[in-house]
Amino acid sequence: MPIQIERFSQALREHASEFAIQLREADIERLGDYYELVLKWNPRLHLVAPCSPEEFAVRHVLESLTLVSHLSPQARVTDIGSGAGLPIIPCLVMRDDLRATLIESSQKKVVFLREALRSFGGQEPPRLITARFEDAPAPPTHFITCRALDQFQKLLPYLIEWAPRSSTLLLFAGEGLRNQLERLIPSATVERMPNSERRFLIIARCAEACLTPVTDSRAR
């Protein structure tokens, strides 16, 4: 495991500038601690698909950290389908001013998240909700993040309707989800991930959504 952590840390050092992210050695050390925790739990919980330390550093952590520049000081952030803690835990490592709520439906993954948040929470203890997002009241929030959600395209209209009107969506998307989101919120901003042709960060204000109410026929 020490060799994996070192490979992960070196990949952060080598690629952070491609994402316009500045990492201190203290940040790299804390992100390495997070990666070590994922490695420990992943064989039991299948938090993420098997990948190299370099891929986890770039594809999972640095891409997650592209959110940081969009989050205002003291922002309230709600992360949907937190799973392995991506993207929210890397953001909490870098920004201890954030006030986070994590929503995850898997009881087993919640056990991991509870453990991770003991070490990587911010100034205000993060709130952890065990539920599908559509079964829980939307908490007061400035931003809603989501990186991986089962049946994401099917659930996207429900997510938009569920979210507070004043909130901003920060969603990681492929081509299909990007096209759908641009139809629902034409004013959405699209940022392409560095070194990728098919992965995007979508920034969209919920108040600007063009959405037919869908509450009466929720996806199950």
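In this predicted model, Phe133 and Trp162 are both buried, and together they form an aromatic pair of the edge-to-face kind, with 5.4 Å from centre to centre and 75° between the planes. Because Phe133 belongs to the loop between β3 (127-130) and β4 (143-146), whereas Trp162 belongs to helix α6 (residues 152-162), this pair ties together parts that lie 29 residues apart in sequence.

The structure holds 6 aromatic pairs, and another of them joins Phe8 to Phe56, whose ring centres are 6.1 Å apart and whose planes meet at 50°, so that this pair counts as tilted. Phe8 sits in helix α1 (residues 2-15) and Phe56 in helix α3, and the contact therefore ties together parts that are 48 residues apart in sequence. Both Phe8 and Phe56 are buried, and the two rings also belong to one aromatic cluster, in which Tyr34 and Tyr35 take part as well.

Aromatic rings also meet charged groups in this model. The charged end of Arg147 sits over the ring of Phe172, at 5.9 Å from the centre of that ring, while the charged end of Arg178 is placed over the ring of Phe200, at 4.7 Å from its centre.

Arg147 leads on to the empty space in the model. Rolling a probe the size of a water molecule over the atoms shows where such space is left. The largest pocket holds about 790 Å³ of space and is lined by 38 residues, among which Arg147 lies nearest the pocket centre together with Gly81, Ala148, Leu149 and Asp150. Three elements, α3 (53-64), β2 (99-104) and β5 (168-173), each supply at least two residues of this lining, and the largest share, 4 residues, comes from α3, the helix that also carries Phe56 of the tilted pair. By residue class, the lining of the largest pocket divides into 17 nonpolar, 9 polar and 12 charged residues.

The second largest pocket holds about 150 Å³ of space. Its lining is made up of Phe19, Ala20, Ile21 and Gln22, then Leu65, Thr66, Val68 and Ser69, and finally Met94 and Arg95. Here the division by class is 6 nonpolar, 3 polar and 1 charged.

Terms used
Residues are numbered from 1 along each chain as its sequence is written. This is a predicted model: local features need pLDDT of at least 70, side-chain atom pairs count only at pLDDT 80 or more; totals for chains, interfaces and linings use all residues. Side-chain values use heavy atoms; hydrogens and water are left out. On a 1 Å grid over the protein atoms alone, a cavity is a set of points where a 1.4 Å probe fits but cannot get out, and a pocket is an open set with protein on both sides within 12 Å along at least five of seven lines; lining residues have an atom within 4 Å of a point. Grid points are joined across faces, edges and corners, and a volume is the space filled by probe spheres set on the points. Ala, Val, Leu, Ile, Met, Phe, Trp, Tyr, Cys and Pro count as nonpolar, Asp, Glu, Lys and Arg as charged, and the others, Gly among them, as polar. Rings of Phe, Tyr and Trp (its six-membered ring) pair if their centres lie within 6.5 Å; planes under 30 degrees apart count as stacked, over 60 as edge-to-face and the rest as tilted. Buried means under 20% relative accessible area, exposed over 50%, partly exposed in between (1.4 Å probe, protein chains only). A charge sits over a ring if NZ of Lys or CZ of Arg is within 6 Å of the ring centre and within 35 degrees of the ring normal.
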